[in-house]
Amino acid sequence: MSSTRPVQVIAVTGGKGGVGKSNVSVNLSIALAQLRRRVVLLDADLGLANIDVLLGIKAERTLADVLNGSCGIQDVLVTGPAGIKVVPASSGVQQMASLGPQEHAGLIHAFSELGDQLDVLIVDTAAGISDTVVSFVRASNEVIVVVCDEPSSITDAYALIKLLNTEYDMFRFRVVANMTRTAQEGQSLFNKLNMVCERFLDVTLQYVGQVPFDENVRKSVQKQKALIEHAPNSKAAQAIRKIAHQVDSWPLPASARGHLEFFVERLLQTADAGL
Ligand SMILES: Nc1ncnc2c1ncn2[C@@H]1O[C@H](COP(=O)(O)OP(=O)(O)OP(=O)(O)O)[C@@H](O)[C@H]1O
Ligand SMILES: [Mg+2]
């Protein structure tokens, strides 16, 4: 059942709402696809600004259909820009983090089928620190925490990292600063967060880079087009491509952990642990 090569599973999270998690997820996915990675983007947020809305795509089937056995995971994937495959948000995705044992096997099987068809799985999480968010983040191999220059963004990111560190033994996080207004802002936001984390927690934070505030992001959201396709030469798109190069250089998980079915197993273990 095990897939043949490791898959890099990356959760994009942040604690606070509206910091740009979905836009980072979507555009990073496309930028990685442009680097010839095979990317699946899992929308783990049932909120309003869904990935299908951002990309103007329409989901026919959802993971709920996979879970009740009426279709396979291939039928759920919607092709987006640069060939990325999107697993649209649905009650099925939410259920992933809280399934009964009978459904476990089906889900693991569904994802193991997918395993040898992708290199990177990006998981766009909801705002906040709900059990579902925590489950998806814990199941991932890499965690990108998106922050922006608002006091509540840093405190919410800190609260999220603190929870994951003290309750769930996670100690390694990556940070992207979004909507920055100056060249120094990203690094100084990172330093601010890193300082409190180093002082009070046992974690390692790594700065990935920044995405500048760019009107093109809002415009592309309105047009339901991905920024990186709609305005490929914009400052924000260039920044995302730079971040994608970094992400692409991250080490792949060690063999077993890298198999996609283990992502699902970890997800289910989190649910079993009483989350
Ligand atoms: N770099 C940027 N420059 C300008 N505006 C941005 C940028 N990134 C995001 N935005 C704006 O912020 C809005 C929220 O972004 P997005 O939906 O990606 O955030 P989110 O963190 O996923 O929100 P939620 O918590 O609701 O899921 C976007 O609609 C866009 O208008
Ligand atoms: Mg979002």
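In this predicted model, the lining of the largest cavity draws its largest share, three residues, from helix H1 (residues 21-34). The structure holds one cavity of 30 Å³ or more. The volume of the largest cavity is about 30 Å³. Its lining consists of Asn23, Val26, Asn27, Leu54, Ser220, Lys225, Ala226 and Leu227. By residue class, this lining splits into four nonpolar, three polar and one charged.

Helix H1 also contributes to the largest pocket. With five residues, H1 gives the most to the lining of that pocket. At least two residues each come from H1, E7, E8, helix H9 (215-222) and H11. The largest pocket has a volume of about 520 Å³. Its lining comprises 27 residues. Those nearest the centre of the pocket are Gly18, Val19, Gly20, Asn23 and Met179. Asn23 is also listed in the lining of the largest cavity. The pocket lining contains 14 nonpolar, eight polar and five charged residues.

The sheet is open and has eight strands. Their order is E3-E4-E2-E5-E1-E6-E7-E8, with mixed pairing. Strand E3 (78-79) and strand E8 (204-212) form the edges, and each pairs on one side only. Within the sheet, strand E2 (residues 39-44) runs parallel to strand E5 (residues 120-125), and six bridges join the pair. Asp43 is placed opposite Asp124 of E5. Helix H1 packs on this sheet and touches strand E1 (8-13), E2, E5 and strand E6 (142-147). The direction of H1 makes about 170° with that of E5. Helix H11 (residues 235-248) packs on the sheet as well. The contacts of H11 are with E1, strand E7 (172-180) and E8. The angle between the directions of H11 and E8 is about 155°.

Two residues of strand E7 were examined individually. Asn178 lies in this strand. Its relative accessibility is 8%, so Asn178 counts as buried; the cut-off for that class is under 20%. Beyond its neighbours within four places in sequence, Asn178 contacts Val19, Gly20, Val146, Val147, Cys148 and Val211. Val19 and Gly20 are also among the residues nearest the centre of the largest pocket. Asn178 and Val146 are 32 residues apart along the chain, yet their C-alpha atoms are separated by 6.6 Å.

Met179 is the second of these residues, and lies in strand E7 too. Although not a glycine, Met179 has a positive phi of about 60°. With a relative accessibility of 28%, Met179 counts as partly exposed. Met179 is also one of the residues nearest the centre of the largest pocket.

A positive phi of about 60° is likewise found at Ala82, which is not a glycine either. Ala82 sits in the loop between E3 and E4. Its relative accessibility is 40%, so Ala82 counts as partly exposed.

Strand E4 (85-87) is followed by another loop, which leads to helix H4 (91-96) and contains Ser90. Ser90 has a relative accessibility of 6% and therefore counts as buried. Leaving out neighbours within four places in sequence, the contacts of Ser90 are Leu46, Thr62, Leu63 and Ala64.

Lys219 belongs to helix H9. The relative accessible area of Lys219 is 40%, so this residue is partly exposed. Lys219 and Gly20 stand 199 residues apart in sequence. Their C-alpha atoms are 14 Å apart in space. Helix H9 is one of the elements that each supply at least two residues to the pocket lining, and Gly20 is among the residues nearest the pocket centre.

Methods. Residues numbered from 1 in each chain as written. Chains lettered and ligands numbered in written order. Predicted model: local features only at pLDDT ≥ 70, side-chain atom pairs only at ≥ 80, totals over all residues. Heavy atoms only, no water. 1 Å grid on protein atoms, 1.4 Å probe; cavity = no way out; pocket = protein on both sides within 12 Å on 5 of 7 lines; lining within 4 Å. Points joined across faces, edges and corners; volume = space filled by probe spheres on them. Helix = DSSP H or I, 4+ residues; strand = E, 2+ residues; numbered from the N terminus. Nonpolar A, V, L, I, M, F, W, Y, C, P; charged D, E, K, R; others polar. Buried < 20%, exposed > 50% of the residue type's maximum accessible area, 1.4 Å probe, protein only. Contact = heavy atoms within 4.5 Å. Pairing = 2+ DSSP bridges. Axes fitted to C-alpha atoms, helices over the stretch in contact; angles between N-to-C directions.
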